[in-house]
Amino acid sequence: MEQCWQTVIELHQAKVYGKAFVGAPPMSVPHLDTRMIEGQKALLFGPYAGFSTRFLKHGSLLDLPLSIKANIIISMISAGLDNIALTKYLIEQVRQSPEDRISALREYLPTAALEDWELENAGQRVQIIKKDDKHGGNLEFGTEVVSVEDGSIAALLGASPGASTAVSIMISLLEKCFGDRFKSHNRQQKLKEIIPSYKQLLNSNAKLCKEIKSFTLFTLQLKVK
């Protein structure tokens, strides 16, 4: 069995994305992906939605029940009524059999065999319900940095950020937590040195866009065919 898995993994250098299913949240786009995990090459497919009352992967089963307070019930009900299709999708995902999951995979890898794959719990995502004075509550799918007024502590809430958003999120964090110190001339110059495209629109600056692209390709050792 081990040999069979390794053969499947070595045969593919994959980065294939599809379309989200009807009613599915934006971050649930199915994808077949080659990854390096602890120094070993792996072939992953997902995500398959699950459900847990834990807020952390190894948290308490009481996390969700204990978080429900009287002042947020209206927001939760409002968000639930607005996302019935999403609720239906999640229930269907939780009820999937191994055969259902391999069937979804075969849309991207038609030769996939059930015995070559195993289900792994990749992580835990807690969805944000943001209070809305007019609507009651909105289910948020993005990523947001929240901080106390003096900037002494901050948290990242929402969808797990990937490489495409990590830099902008960190800049937002610096702005929120360091205020005037972040805006100082020296720090702004340092940011421009680290991020040449900082505060510039690449779609209106062809020369800079070409320079950034060349630098990125060189740094990541990528070749454009």
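Select Ile-68, Ile-73, Ile-77, Leu-81 and Ile-84: together they make a nonpolar surface patch of about 480 Å². The model on screen is predicted.

**Helix H3**

Keep the patch displayed and add helix H3, residues 73–82. This helix gives the most to the nonpolar patch, with 3 residues. Ile-77, a patch member, lies in H3.

Next, pick out Ser-75, Ser-78 and Ala-79, the buried residues of H3. They sit on the same side of the helix, because the arc they cover around the axis is only 95°. To see what lies over them, show strand E4 (128–132) and strand E5 (136–140), which are among the elements covering these buried residues.

**Helix H4**

Move to helix H4, residues 84–94, and select Lys-88 and Glu-92. The two form a salt bridge, with the closest N and O atoms 2.6 Å apart. They are 4 residues apart in H4, so about one helical turn separates them. Lys-88 is exposed, at a relative accessible area of 51%; the cut-off for exposed is over 50%. Glu-92, at 44% relative accessibility, counts as partly exposed.

**Helix H5 and Arg-101**

Now select residues 98–105, helix H5, and within it Arg-101. Arg-101 is buried yet has no salt bridge. Which side chain of opposite charge is nearest to Arg-101? That is Asp-100, and it is 7.5 Å away. A salt bridge would need a side-chain nitrogen within 4 Å of a carboxyl oxygen.

To see the surroundings of Arg-101, add Tyr-48, Gln-93, Gln-96 and Leu-119. Arg-101 is in contact with these four residues, leaving aside its neighbours within four places in sequence.

**Asp-33 and its partners**

Select Lys-15, Asp-33 and Arg-35, which are linked in a network of salt bridges. For one of the pairs, look at Arg-35 and Asp-33, where the closest N and O atoms are 2.9 Å apart. Is each end of this pair buried, partly exposed or exposed? Asp-33 counts as buried, at 2% relative accessibility, whereas Arg-35 counts as partly exposed, at 39%.

**Helix H7**

Go on to helix H7, residues 185–194, and select Gln-188. At 11% relative accessibility, Gln-188 counts as buried, because buried means under 20%. Show Phe-182, Lys-183, Tyr-198 and Lys-199 as well: Gln-188 is in contact with them, again leaving aside its neighbours within four places in sequence.

In H7, also select Glu-193 and Lys-190. These two form a salt bridge, and their closest N and O atoms are 3.5 Å apart. Being 3 residues apart in the helix, Glu-193 and Lys-190 are separated by about one helical turn. Glu-193 counts as exposed, at 57% relative accessibility, while Lys-190 is partly exposed, with a relative accessible area of 44%.

**Last selection**

To finish, display the salt bridges: how many are there in the model? The count comes to 5. Among them are Arg-35 with Asp-33, Lys-88 with Glu-92, and Glu-193 with Lys-190.

Notes
Residues are numbered from 1 along each chain as its sequence is written. This is a predicted model: local features need pLDDT of at least 70, side-chain atom pairs count only at pLDDT 80 or more; totals for chains, interfaces and linings use all residues. Side-chain values use heavy atoms; hydrogens and water are left out. Helices (H or I, at least four residues) and strands (E, at least two) are DSSP runs, numbered from the N terminus. Buried means under 20% relative accessible area, exposed over 50%, partly exposed in between (1.4 Å probe, protein chains only). Lys and Arg count as positive and Asp and Glu as negative; His and the chain ends are not counted. Contact means heavy atoms within 4.5 Å. Patches are made of residues with over 30% relative accessible area and no salt bridge: like charges are joined within 9 Å, nonpolar side chains (Val, Leu, Ile, Met, Phe, Trp, Tyr) within 5 Å. Accessible areas come from the Shrake-Rupley method with a 1.4 Å probe; for residues, only the protein chains shown count as cover. The arc is that of the directions from the helix axis to the C-beta atoms.
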